Amino acid sequence: MIICKQYEPKALQMLEFFQSWGPIALAIYHCSEMITILVIEDENSLQLLLKRLFGREGFKTFAAKNGSEGMQLAKSRRPDLIILDLGLPDVNGQYVISEIRKWSKVPIIAVSAFNDENTIVNILELGADAFLEKPFSLDELNARIRLFLRKKMIDNSSDLSLQLGDLKISNLDRKLQGPKGSISLSVFEYRVLSLLLTQPGKIFSHEELINEIWGPSYKHAIGSLRVSIWGIKNKIAEAGETRELISSIPKVGYSINPLVLT
C-alpha cells in the first residue's frame, strides 16, 4: 500500500501481519452481515491505518481520538468490536472500559505500548476481552480474533447456560445458581470454569489454561490462575456444591471431576 510510506515504523510493522489475516477477517465477516469496529486511538497515523486496513477486509469502521468521543460513539453506533488505546489524552482506558461495561458486553481489545502486569490484570478484570502490546504479533492477533468469534457465538445464544452438578452457570451474567443461592463469577473465574467444562475429566495443564485465558505472552500468570481456581472453588461451595468438583493435580493442572457430575 503506497499510503503506508507516511506512517511511523511501528505502524509499518503492523501492516505486514495485518495484510496476511484475510482468511480470518473473512470468517468474521461471514458471521454477520456487516461487522462494525470502533477504534479509539489518538495517534492519527495508526488510526487511519487501522481504518483503511479494516475497510479493505469489509469491516465498517468508526474512529475516535479520545475516550469521551469513543464512549459516545460506542453508545450511538453499537459496534461489534472495540479496539481501545489505553493512553488517551482525556481519560484513561480503564475508565472507558468500566463505563462501557455498565451497559454493553461488546468485545474490547485494549492496546498499549506498555505491558505492566498489574495494569493488564486490572483492565481484564474490568471487562476487557484481550490486551495487545504495540506492535502486535500475528499469533497474538489470531488468538484474540478467535476469542472474538467465540464470544460472538455465545452472545448470539442468549439462553445458553452450562450445568455443573447441581449448579447452573448463566452466560448472560456470569452467575452460579445453586441450592444455596446465586453467586457472581469474575471475568477470569468464568473463563476458567467454562474452559474446564468443555471436557469434564480432561486434565488441562497450567500452560493450556493460561494460554487460552490470558494469552500466549503471559506464561508467568500461574499465580493469577491459582487465585482464580481458589475463588471458583469457594463460590461453588457457597452456591451449594462440593469444592471437590474441581480437581487440582499438583505441578500439572486442573480438571472437572466427572464423578461429582454423575
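**View 1. Strand β8 and strand β9 (residues 181-184) run antiparallel, joined by four bridges.** Helices (H or I, at least four residues) and strands (E, at least two) are DSSP runs, numbered from the N terminus, and two strands pair if DSSP finds at least two bridges between them. This is a predicted model, in which local features need pLDDT of at least 70 and side-chain atom pairs count only at pLDDT 80 or more, while totals for chains, interfaces and linings use all residues. Residues are numbered from 1 along each chain as its sequence is written, and side-chain values use heavy atoms, with hydrogens and water left out. To find your way here, look for Leu-176, whose bridge partner in β9 is Ile-183. Two residues form the hairpin connection from β8 to β9.

**View 2. β8 (residues 175-178) also pairs with strand β7 (residues 167-170).** Three bridges hold this antiparallel pair, and Ile-169 stands opposite Leu-176 of β8. The hairpin of β7 and β8 has four residues between the strands. Take a look at Arg-174 there, which has a positive phi near 55°. As background, strands of a sheet pair through backbone hydrogen bonds, either parallel or antiparallel.

**View 3. Strand β1 (residues 36-40) is mostly covered.** Five of its five residues are buried; buried means under 20% relative accessible area, exposed over 50%, and partly exposed in between (1.4 Å probe, protein chains only). Which residues point which way from β1? Thr-36, Leu-38 and Ile-40 point one way, whereas Ile-37 and Val-39 point the other way. β1 has parallel pairings with strand β2 (residues 60-64), over five bridges, and with strand β3 (residues 81-85), over four bridges. Two pairs help you trace these pairings: Ile-37 has Thr-61 of β2 as its bridge partner, and Ile-40 stands opposite Leu-84 of β3.

**View 4. Helix α6 (residues 117-126) has Ile-120, Ile-123 and Leu-124 as its buried residues.** These residues are on the same side of α6, because they cover an arc of only 100° around the axis (the arc of the directions from the helix axis to the C-beta atoms). They pack against α5 (93-100), β4 (108-112), β5 (130-133) and α8 (187-197), where contact means heavy atoms within 4.5 Å. Just after α6 comes Gly-127, with a positive phi near 130°.

**View 5. Arg-101 and Asp-129 meet through their side chains in a salt bridge (3.0 Å, N to O).** What does this pair tie together? Arg-101 is in the loop between α5 and β4 and Asp-129 is in the loop between α6 and β5, so the salt bridge links parts that are 28 residues apart in sequence. Asp-129 is buried, at 9% relative accessible area, while Arg-101 is partly exposed, at 22% relative accessibility. A salt bridge is a side-chain nitrogen of Lys or Arg within 4 Å of a carboxyl oxygen of Asp or Glu. You can also find the salt bridge between the side chains of Glu-99 and Lys-102 (2.7 Å, N to O); Lys-102 is exposed, with 65% relative accessibility.

**View 6. Glu-41, Glu-43, Asp-85 and Lys-134 form a network of salt bridges.** The structure holds eight salt bridges. Another one to look for joins Lys-202 and Glu-208, whose closest N and O atoms are 3.2 Å apart. Lys-202 is partly exposed at 28% relative accessibility, and Glu-208 is partly exposed at 34%.

**View 7. Three strands make an open sheet in the order β10-β12-β11, with antiparallel pairing.** Which strands lie at the edges? They are β10 (204-205) and β11 (246-249), each pairing on one side only. Two bridges connect β10 with strand β12 (residues 253-256) in the antiparallel sense, and Phe-204 has Tyr-254 of β12 as its bridge partner. Ser-205, also part of β10, is buried, with 17% relative accessible area. Leaving aside neighbours within four places in sequence, Ser-205 is in contact with Val-252 and Gly-253. Helix α10 (residues 222-239) lies across β11 and β12 and runs at about 150° to β11. Here axes are lines fitted to C-alpha atoms, for helices over the stretch in contact, and angles run from 0 to 180 degrees between N-to-C directions.
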